[in-house]
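Me: I'm just getting started with protein models, and I'd like a close look at one part of this one. Could you walk me through the second largest pocket and then show me how it fits into the rest of the chain?

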Amino acid sequence: MAFWKREKKTRSSVTIPLGIGSVDEIGYVKLADHPDIVTGINKIADLVSNMTIHLMENTDKGDKRIKNQLSRKIDIEPCRNMTRKTWLYKIVRDLLLYGNGNSIVHIGVDSNTGLIDNLTPFPMQCVTYDDLEDGGYLVDCNDKKYTPDEVVHFVINPHPLYPYRGTGYKVALSEIARNLTQANKTKNNFMSGKYMPSLIVSVDAMTEELASAEGREKIMEKYFAETDGGKPWIIPANLLGVEQVKPLSLKDIAIIEGMELDKKTVAAILDVPPFFLGIGEFKKEEYNNFINTRIHSIGQIIAQTLTRDLLFNQNWFFRLNPRSLFSYNLDEMVSAGTEMVDRNAMRRNELRDWVGLDPDEEMEELIILENYIPSKQLGNQSKLKGGEENE
């Protein structure tokens, strides 16, 4: 009766958790390392740095653009080894990210000519401020101190107690950055499939065999051997019980909704349209409003600070031109330009410049009326002189 002496077997199940598993706790997250925050700030910096810097003069007939050595220096080559775009790009990133609401540029002067040599941006991670008793301050960069007259100090969100100093978004964004980083790590663990088995198998085997990883592996090798493609899998009856489990989706654990909410919060704090961060679709009106508000506002800060710190002529000022940043299509540009040409407010060569065409000598004259004659020949039209008198 050896049959009854065999070791007792029980039907046991290999239980595997279906959750996402334990995710490591997220500690301090630098804003500069978070992709959503960096994406929004880079977009702002890219658009601001695309604007040309005009040196303007206030005259009795309106503001007039000036082109001289100073305007070229600021708009073309503000600093050695940097273009205007890279120079402005760094200033804006420092304002929004590294400088915590501040960006400081050192004014280098040529000792021979006394003219501006280089406007060198400071590494804002190395900058501190010394507040003086008289209400002034000193800028400390790499253990060297500078007075406000030696630098151009750009500021956003003035500090309530020290208005010459800005405040950034570290406090407002730090918790959001931590939440998004935690959600991204959770999503990556979830999508890896490590914690999402698609099958649960109940095996008629001894409990001791299932107690160790080696025992479970032997059972897998014995009963779950791969078969040739298309051939059925043959196993003894009542030996295995297989149950298919539908894995959870990201919607089931509310990861997507939480991430979208946090991204919208980041967009609101940085004042950028949510579609820059992958939320929603591009909207032309929203984009143009963004240019009119956020981009234009930062451009005003930069222009007014440059005017204050670099210009002595009271009639001169700097202006950043945002017109080229708006979302236009060719039909809108041609339509608007044609109306101005018809009203004698624009030359045709200016319209050609709008649409990227070279100037034409024959299109320099101002034209008007439906037959488009030069403005100096308007008096030759008989309909403007009146009809001939009847004899």
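Reply: Let's begin with the word itself: a pocket here is an open set of grid points where a 1.4 Å probe fits, with protein on both sides within 12 Å along at least five of seven lines. Its volume is the space filled by probe spheres set on those points. Keep in mind that this is a predicted model.

Now for the pocket you asked about. The second largest pocket holds about 410 Å³. Its lining is made up of 20 residues, and the ones closest to its centre are Leu97, Tyr98, Gly99, Asn100 and Lys170. Three elements each give two or more residues to that lining: helix H3 (84-98), strand E6 (127-131) and helix H4 (170-191). If you sort the lining by class, you get nine nonpolar, eight polar and three charged residues.

Let's zoom in on one of those central residues. Asn100 sits in the loop between H3 and E4. Its phi is near 50°, a positive value in a residue other than glycine. Is Asn100 buried or exposed? Neither, quite: its relative accessible area is 29%, and because buried means under 20% and exposed means over 50%, Asn100 counts as partly exposed.

Another asparagine is worth a look alongside that one. Asn142 lies in the loop between strand E7 (137-141) and strand E8 (144-146). Phi of Asn142 is also positive, near 55°. With a relative accessibility of 52%, Asn142 counts as exposed.

For contrast, here is the largest pocket. That pocket contains about 500 Å³ of space. Of its 19 lining residues, Leu70, Gly114, Leu115, Ile116 and Leu310 are the closest to the centre. Helix H2 (69-75), strand E4 (102-109), strand E5 (116-121) and helix H8 (284-310) each provide at least two residues of the lining. By class, the lining has nine nonpolar, four polar and six charged residues.

H8 is a good bridge to the inside of the protein. The largest nonpolar core has 54 residues, and the members that touch the most others are Ile44, Val48, Trp87, Ile295, Ile302, Leu306 and Phe318. H8 gives this core its largest share, nine residues. Take Ile295 as a case: leaving aside neighbours within four places in sequence, Ile295 is in contact with Ile44, Leu47, Val48, Met51, Phe290 and Leu325. There is also a second, separate core of ten residues, with Ile104, Val127, Val139 and Val151 among them.

Just before H8, there's a loop to visit. Gly278 is found in the loop between helix H7 (255-270) and H8. Gly278 is exposed, with a relative accessible area of 60%. Gly278 and Glu260 are 18 residues apart in sequence, and their C-alpha atoms are 8.8 Å apart in space.

Finally, step back to the whole chain. The secondary structure comes to eleven helices and 14 strands. The chain has 391 residues, and 34% of them count as buried. Looking at contacts between residues at least 6 apart in sequence, 62% join residues at least 24 apart. The accessible surface is about 24800 Å², with 51% of that area belonging to carbon and sulfur atoms.

Methods
Residues numbered from 1 in each chain as written. Predicted model: local features only at pLDDT ≥ 70, side-chain atom pairs only at ≥ 80, totals over all residues. Heavy atoms only, no water. 1 Å grid on protein atoms, 1.4 Å probe; cavity = no way out; pocket = protein on both sides within 12 Å on 5 of 7 lines; lining within 4 Å. Helix = DSSP H or I, 4+ residues; strand = E, 2+ residues; numbered from the N terminus. Nonpolar A, V, L, I, M, F, W, Y, C, P; charged D, E, K, R; others polar. Buried < 20%, exposed > 50% of the residue type's maximum accessible area, 1.4 Å probe, protein only. Contact = heavy atoms within 4.5 Å. Areas by Shrake-Rupley, 256 points an atom, 1.4 Å probe, with all protein chains shown as cover. Core = buried A, V, L, I, M, F, W, Y, C linked by side-chain atoms within 4.5 Å.
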